[in-house]
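Open the model in your viewer and keep the sequence panel beside it. This tour tells you what to select at each stop and what you will find there.

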Amino acid sequence: MTMFEVMNRRSILRAGVAAGAGGLSIITLGPVSSSFAQAGRVLKVNTLASAAAVNVPMQAGLKSELAKIPGFASPEVRPTQKIPQIVQEVIAGGADLGDADVASTLAAAEAGADLKIIGLSYSNTSQVVVVNADKTKSLEEVAAKGGTIAINSIGDFMYVMLFGALIKRGIDPKKVNFIEIGSSGDRARALIGGRVDAVPMHIEQAAELTRRGNYQILERPWQEYGNWFSAVVITSGKWLERDENKAAAVATLKAILTSFRKTNKDYGWYKDQLGKYASSKELRAADDAFLKPVWETLTTEIAAFPDHMQTMTPDEFAKIIPAYKEAGALKGTIDLNKLIDRTYLEQANKELT
Amino acid sequence: MAHLNVSSICKSFENTPVLLDQSLEVQEGEFVALLGPSGCGKSTLLQIINGLVPADRGTVVLDGKDITGKTGAGRGMVFQGADLFPWRTALENVAFGLEVMGVGKSERLKQASHYLNLVGLRGFENAWPHQLSGGMQQRVGIARAFCIRPSLLLMDEPFGALDVQTRDVLQDELVRIWEAERKMVLFVTHGIEEALYLADRILVFSKRPAHVLRELVVPYERPRHESMKLDPLFLQLRREISDLLRHDMNA
Amino acid sequence: MKSHPRLLNLLGILLVLVLWQMAGQRLGDALLATPVQVGRALVETLSDGLVWAGLWRMMWQMMIGYLLALGIGVPLGIAMGRIPSVDAVVKPWASMFIVVSAAAIVPLFIILMGRGLLLSTSIVFVVTVWYVVIAITEAARSVSPRLLNVAHSFAADDFKRFRYVILPALHPYLMIAARVGFVHALRAIVTAEMFIGADYGGLLNNAGLDLSTAPLFALIVILMMVSISATKLMRWIADYAAPWYASRTRDR
């Protein structure tokens with residue numbers, strides 16, 4: 001639980017002020033005291049509420065690496081429970097940068113929002129579809145009996161990915177009931193309780209679940225698609241107009257790239273970061289027997305953390321648009337060349353060599 | 001010299017006349033009962049004299065001062081249901097009027113304690129109203145009215161909600177206290193026997209709009225005793241008033 | 001005689017715990033952790049500094065919004081209960097806003113005011129103040145007109161009637177509004193913090209990710225204990241401050 005470390009000093013300062021000066025003054029003194037406490041700019045970055053194994057390099061980049069770059073302090077990383085909220089706050093100017101899901105970013109951009117994708121928070125996806133093998137043998141079977149699949153929310157990347165995967169297998173997705181269940185922990189519980197037939201979850205959660213019964217992975221979407229974008233680093237075009245923000249964008253990407261490279265090269269470093277930044281207690285305490293295979297899959301088979309984010313091109317993104325259209329999440333009128341801005345990524349790569 | 005002069009009071013509620021040109025006088029030390037059927041307007045007259053209800057016309061003059069439409073000033077009121085403040089102890093309830101007047105704490109509690117003793121509630125100073133019986137609550141109500149030392153005591157069917165035994169006891173108590181501190185009393189009741197037993201003078205009111213059917217001076221000396229209720233004259237007066245009221249109701 | 005209902009209380013709790021234990025053992029800790037597992041998780045959670053820090057930050061942020069809600073809600077409620085024109089203006093808003101749950105407004109508020117103290121304070125205030133307003137309005141309206149008449153006939157002016165009748169008559173309802181408001185305030189701050197993954201709400205989110213439900217239940221049990229001890233404390237203060245009301249309700 002890392003946001004505590006980031007916010008600790010600030011909040012303690014605030015509490016001290018509160019005791020002395022009463023409620024209202026904190027609102028004005030809060031930011032002042034934080035800039036005294038830390039040298040350098042504090043970026044506000046919205047991320048998903050939970051940091052799973054696949055999110056950890058992004059978290060580590062922000063929390064361990066960014067403050068090493070001169071002029072930047074450890075950012076205010078702000079976990080966000082509702083995925084679309086990440087994009088909304090970036091558009092509203094409440095956050096500098098967002099670690100957003102691709103679906104809500106694409107949908108907002110298509111609707112005319114002034115958004116730019118400037119980096120990847122991880123490439124591809126580590127989501128897999130898990131079933132209780134005692135009850136369910138195949139996805140075809142789920143569709144045939146009108147079964148239920150739990151996802152985070154209708155229209156998000158997970159939904160679209162499943163939708164596309166079902167179509168590729170020749171299954172009519174309309175025969176499946178998709179229901180929204182908030183957290184991946186709750187989705188896993190719904191599967192254990194037999195309330196749903198299949199659940200997409202991160203690969204390390206699937207590994208954990210297999211210890212509790214005859215649970216099996218029926219579908220690995222990254223195998224179907226080759227590369228399936230799921231989370232990207234975004235900001236608004238307006239934010240990028242100012243020079244200090246351009247510098248901040250490059251610095252942030254450098255921090256993330258550094259973390260990606262360390263992750264790919266050094267299992268020990270990755271494990272260490274996981275122990276610090278993973279949301280789940282079970283994951284933080286995981287042993288090598290559990291973690292090493294997960295790390296191998298993520299870094300090699302899935303290639304979730306490309307050293308140069310080289311997969312972030314309009315052409316690569318164009319490959320996933322048809323699935324979004326089929327799922328009804330996009331009309332397909334989106335201009336990817338305008339949305340994806342490689343300027344800052346290229347600058348960051350240059351500065352890192 | 002204490003004196004109450006109420007003249008030419010008129011009062012209507014939404015075009016229904018309740019009181020038409022009513023006047024009355026009370027002399028120092030006089031106990032006057034206002035007797036009449038329920039809802040005839042005698043309580044309204046009492047409220048007008050108390051200042052809680054404004055009159056459409058007419059004046060109320062107490063001890064030479066025009067107090068029409070004003071509360072307080074020389075009047076103490078005993079309400080039908082005692083209406084004690086539940087958040088005040090018996091003693092604090094009695095002291096309420098003095099507290100409103102701004103009398104200091106030790107002084108007002110001393111006075112209140114005196115009147116609480118007078119109504120026979122020594123030892124109940126710190127009791128909450130809900131811990132007292134109905135009769136005890138009304139004793140507190142009486143003490144509360146006496147405690148501000150009014151020249152005129154207004155009582156609105158104060159024993160109406162009590163059982164017969166308690167009422168008889170309280171009637172005697174009231175007379176005993178009143179004789180210790182004689183002041184003018186206006187006592188609203190619909191009990192003929194109660195009026196005859198307590199009052200020096202009775203004003204018998206008609207049904208609405210109220211006017212005085214008969215004024216009657218009670219021909220008994222004080223102190224009075226329970227036995228007078230069996231006196232032939234008492235019974236005769238009681239029947240006369242009863243017939244008068246019944247006749248008025250059917251008119 | 002006096003310990004008898006307590007004993008029944010205890011037996012009731014024990015019975016529920018036994019049933020819970022049996023159900024938990026059948027369902028497994030991923031679906032329903034047993035009381036024993038939750039107890040173990042509780043000890044572990046409480047010995048973790050993060051929980052205390054998160055709880056502390058959440059509580060003082062909540063207190064600001066809550067005290068504001070009382071400070072504004074109580075006078076507003078009294079005004080609405082006693083002055084018909086104020087009631088006519090405010091009542092429609094109050095009855096509309098009281099049905100708005102924290103979960104419905106948090107996303108909008110995050111966009112409007114960011115994620116700082118302003119957010120938590122506003123959410124707690126907006127969710128709590130209307131419960132206080134409605135409770136106090138009803139109480140102020142139902143202040144006995146007969147007692148007001150008594151005070152009036154003893155020549156108490158408007159201010160003295162307010163001071164000697166309305167305020168003391170409201171006192172028990174103030175304490176009730178404060179208790180009910182506290183529970184709503186606590187629920188609001190937990191909801192808000194779960195949205196922004198901060199402090200205690202963040203801990204609840206993260207506990208939800210674990211396959212075992214024991215850590216989550218432990219956090220919920222801590223919240224319950226906070227809520228119960230706060231309302232108990234307030235009840236005790238209320239009884240101390242208004243012994244007449246305490247003694248009346250006890251006698252019933």
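Start in chain B. Select strand E10 (residues 212-217) together with E9(B): five bridges join the two, and they run antiparallel. Remember as you look that this is a predicted model.

**Stop 1: the hairpin**

Stay on the pair. E9(B) and E10(B) form a hairpin, with six residues between the two strands. Now pick out individual partners. Select Phe205(B); its bridge partner in E10(B) is Val212(B). Then select Ile202(B), which stands opposite Leu216(B) in E10(B).

**Stop 2: strand E9 itself**

Select residues 201-205 of chain B. Is this strand enclosed or open? Five of its five residues are buried, so E9(B) is largely enclosed by the rest of the structure. Show the side chains next. In a regular strand, side chains alternate between the two faces of the sheet. On one side you will find Arg201(B), Leu203(B) and Phe205(B), all buried. On the other side are Ile202(B) and Val204(B), also buried. Both faces of E9(B) are therefore covered, with "buried" meaning under 20% relative accessible area.

**Stop 3: the parallel neighbour**

Add strand E3 (residues 31-35) of chain B to the selection. Four bridges join E3(B) to E9(B), and this pair runs parallel. To see one match across the pair, label Leu34(B) and Leu203(B): they stand opposite each other.

**Stop 4: the whole six-stranded sheet**

Widen the view. In which order do the six strands of this open sheet of chain B lie? The order is E6-E7-E8-E3-E9-E10, and the pairing is mixed. Go to the edges: there you find strand E6 (75-78) and E10 of chain B, each pairing on one side only. Turn the sheet and look along it. Neighbouring strands are turned by 15 degrees against each other on average, direction ignored.

Now select helix H5 (residues 134-147) of chain B. H5(B) packs on this sheet and touches E6 and strand E7 (152-156) of chain B. The direction of H5(B) makes about 175 degrees with that of E6(B).

**Stop 5: the four-stranded sheet**

Stay in chain B and move to another sheet. Four strands form an open sheet in the order E2-E1-E4-E5 (chain B), with antiparallel pairing. Strand E2 (16-27) and strand E5 (65-66) of chain B stand at the edges. Each has a single partner strand, so one side of each is left without a neighbour in the sheet.

Select strand E4 (residues 57-62) of chain B with E5(B). Two bridges hold this pairing, in the antiparallel sense. One residue to click is Val61(B), whose bridge partner in E5(B) is Asp66(B).

Then bring in helix H1 (residues 42-50) of chain B. H1(B) lies across strand E1 (3-13), E2 and E4 of chain B. Against E1(B), the helix runs at about 120 degrees.

**Stop 6: where chains A and C meet**

Leave chain B. Select helix H4 (residues 83-92) of chain A and helix H5 (residues 102-113) of chain C. The two helices pack at an angle of about 30 degrees, with their axes 9 Å apart. Angles under 35 degrees count as roughly parallel, so H4(A) and H5(C) are described that way. H4(A) passes H5(C) in a right-handed crossing. Which residues make the contact? From H4(A) come Gln85(A), Gln88(A), Glu89(A) and Ala92(A). From H5(C) come Pro107(C), Ile110(C) and Ile111(C).

**Stop 7: chain C as a whole**

Select chain C alone. It has eleven helices and zero strands. The C-alpha atoms of chain C fill a box of roughly 70 × 55 × 30 Å along the principal axes. Of its 252 residues, 50% count as buried. Color by atom type on the surface: about 12400 Å² is accessible, and 71% of that belongs to carbon and sulfur atoms.

**Stop 8: chain A as a whole**

Finish with chain A. Its secondary structure comes to 18 helices and ten strands. Of the 353 residues in chain A, buried ones make up 60%. The accessible surface of chain A comes to about 13500 Å², with 52% belonging to carbon and sulfur atoms. Among contacts in chain A with a separation of 6 or more, 80% come from residues 24 or more positions apart.

Note on methods. Residues numbered from 1 in each chain as written. Chains lettered and ligands numbered in written order. Heavy atoms only, no water. Buried < 20%, exposed > 50% of the residue type's maximum accessible area, 1.4 Å probe, protein only. Contact = heavy atoms within 4.5 Å. Areas by Shrake-Rupley, 256 points an atom, 1.4 Å probe, with all protein chains shown as cover. Pairing = 2+ DSSP bridges. Axes fitted to C-alpha atoms, helices over the stretch in contact; angles between N-to-C directions. Parallel < 35°, antiparallel > 145°, perpendicular 65-115°, else oblique. Left-handed = near helix turned anticlockwise from the far one by under 90°.
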